[in-house]
Amino acid sequence: MAGRTRVSQAAVAALCLLLAALVGCGGGPAVDTARAEVQSLLDRRAEAVLDRDAAYARTGTRDGFDNLRAVPLADWSYRLTALDRTGDRATAAADLSYRVDGHDRSPVVTARTLSLSRDRDGRWSVESDRPAGESSQQLWDQGRARAVRGERSLVLGVGRSEEALRDYAELADRAVPAVSDAWGPRWARSVVVLVPETLEGMAGLLGSPPSSYRGIAAVTTGATGGGPRAPADRVIVNPDAFALLGDSGRQVVLTHETAHVATRAHTSAATPLWLSEGYADWVGYRGAGRTPAEAAPELAHAVGRGEVPDALPQDEDFGFTGDAEGLARAYEGSWLACRMIADRWGEERLGAFYRAVGAHEEREGAVEDAMSRVLGVTPEEFTLQWRDFVRGALR
């Protein structure tokens, strides 16, 4: 009897393992099956986006499909990273990866959260697709996107007429060759500009509170470093602040932001903000015909009071803290530092200095080394020369 009992237990165990493999006994294989089914669903959904196919609606909610229609896409795919399932409902975490056709060498990757349900026939469908956690919105999350192609640009907007977006494209088309003339031709030589409907929309695209960008006309997003395959940059406009600028000011802003796009692959953690922002301003004002006092009014007022800055701006001076005058002086002082390099050492040496700083892996010693090798001065000597230059330019 004892022998038969042991045999029976072994048989039962073997049968359970067989059933588990076939029908999901024990839960593990069933979860794996659901993951495979959901990934297949997301693959079909992505294919429908690229094909502009009505099959999208058969994968679940149509929300977002029409918003995407005008966006020229080269790639669009989801990678399921987690699945939390309770019966016929589930929440999926996925990385959305996409490229804009004709502009993005590498994809934009953003985290999404998808709510799912399963019908009586066992088919999963998407009920909602939204930014995950702290992830920023995409433009089409805010409404139907409209696209305008320029000769060297693509402008995507929400709540904007084609005519209004065409104005942005013209500014960007002028900015691209201006940046190439200063920086050189070895960059993408095209730019993607996003124009949300409001300041709140801009903040949503950046994943930050609107107060962080009030008064800021535009910003550029993108990963620093990474060489020519670095993830795509986007110039994001604050329509409220941009509307307050004149034609010349708008051109300076778009050229400044386009300079960030061109230099991004050579900007690293070693690059101080006074250099990256000062260089972008130098490119923006280059050829604009503005005097130093016109381009640096806040710093000119300070110098007029005898308040010449003691040191180059620190990174924290560029924070959007509400001190508009202090922020303006940080930008203006940085611009004059780069202008001094261009005037005294030449424009090519300014570009070489920028690249040399960015080539370092960390901040410590980067500026000192580049100043020694490219400009032949110490940081202390450079600062003294810069203070004299500021005083003379703004007197």
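Contact here means heavy atoms within 4.5 Å. Helices (H or I, at least four residues) and strands (E, at least two) are DSSP runs, numbered from the N terminus.

This is a predicted model: local features need pLDDT of at least 70, side-chain atom pairs count only at pLDDT 80 or more, and totals for chains, interfaces and linings use all residues. Residues are numbered from 1 along each chain as its sequence is written, and side-chain values use heavy atoms, with hydrogens and water left out.

## Overall make-up

The protein chain holds 14 helices and nine strands. Of its 395 residues, 46% are buried. Buried means under 20% relative accessible area, exposed over 50%, and partly exposed in between (1.4 Å probe, protein chains only). The chain exposes about 19,200 Å², and carbon and sulfur atoms supply 48% of that area. Accessible areas come from the Shrake-Rupley method with a 1.4 Å probe; for residues, only the protein chains shown count as cover. Among contacts between residues at least 6 apart in sequence, 61% join residues at least 24 apart.

## The five-stranded sheet

Five strands form an open sheet in the order S5-S6-S7-S9-S8, with mixed pairing. Two strands pair if DSSP finds at least two bridges between them. Strands S5 (145-149) and S8 (218-221) stand at the edges; each has a single partner strand, so one side of each is left without a neighbour in the sheet. From one strand to the next, the twist averages 20°. Axes are lines fitted to C-alpha atoms, for helices over the stretch in contact, and angles run from 0 to 180 degrees between N-to-C directions.

S5 and S6 form a hairpin with three residues between them. S5 is joined to S6 (residues 153-158) by five bridges, and the two run antiparallel. Val148 has Val155 in S6 as its bridge partner. At the S8 edge, four bridges join S8 to S9 (residues 234-237), also an antiparallel pair. Thr221 has Arg234 in S9 as its bridge partner.

## Helices against the sheet

Which strands does helix H7 lie across? H7 (residues 247-263) lies across S7 (191-195), S8 and S9, running at about 10° to S8.

Helix H5 (residues 199-206) is mostly covered, with seven of its eight residues buried. They are Leu199, Gly201, Met202, Ala203, Gly204, Leu205 and Leu206. These buried residues pack against S7, S8, S9 and helix H6 (239-242).

## The H8 and H11 crossing

The axes of H8 (residues 273-285) and H11 (residues 324-344) come within 7 Å and cross at roughly 70°. That makes H8 roughly perpendicular to H11, a class that covers 65 to 115 degrees. On the H8 side, the contact includes Trp274, Tyr279 and Trp282. The H11 side includes Tyr331, Trp335 and Arg339. The contact residues divide into 10 nonpolar, two polar and three charged. Ala, Val, Leu, Ile, Met, Phe, Trp, Tyr, Cys and Pro count as nonpolar, Asp, Glu, Lys and Arg as charged, and the others, Gly among them, as polar.

## Two positive phi values

Most residues other than glycine have a negative phi. Two arginines with positive phi are tabulated here.

| Residue | Phi | Loop | Relative accessible area |
|---|---|---|---|
| Arg52 | near 50° | between H2 (28-51) and H3 (65-68) | 29%, partly exposed |
| Arg189 | near 55° | between H4 (162-183) and S7 | 46%, partly exposed |

How values were computed
Parallel < 35°, antiparallel > 145°, perpendicular 65-115°, else oblique.
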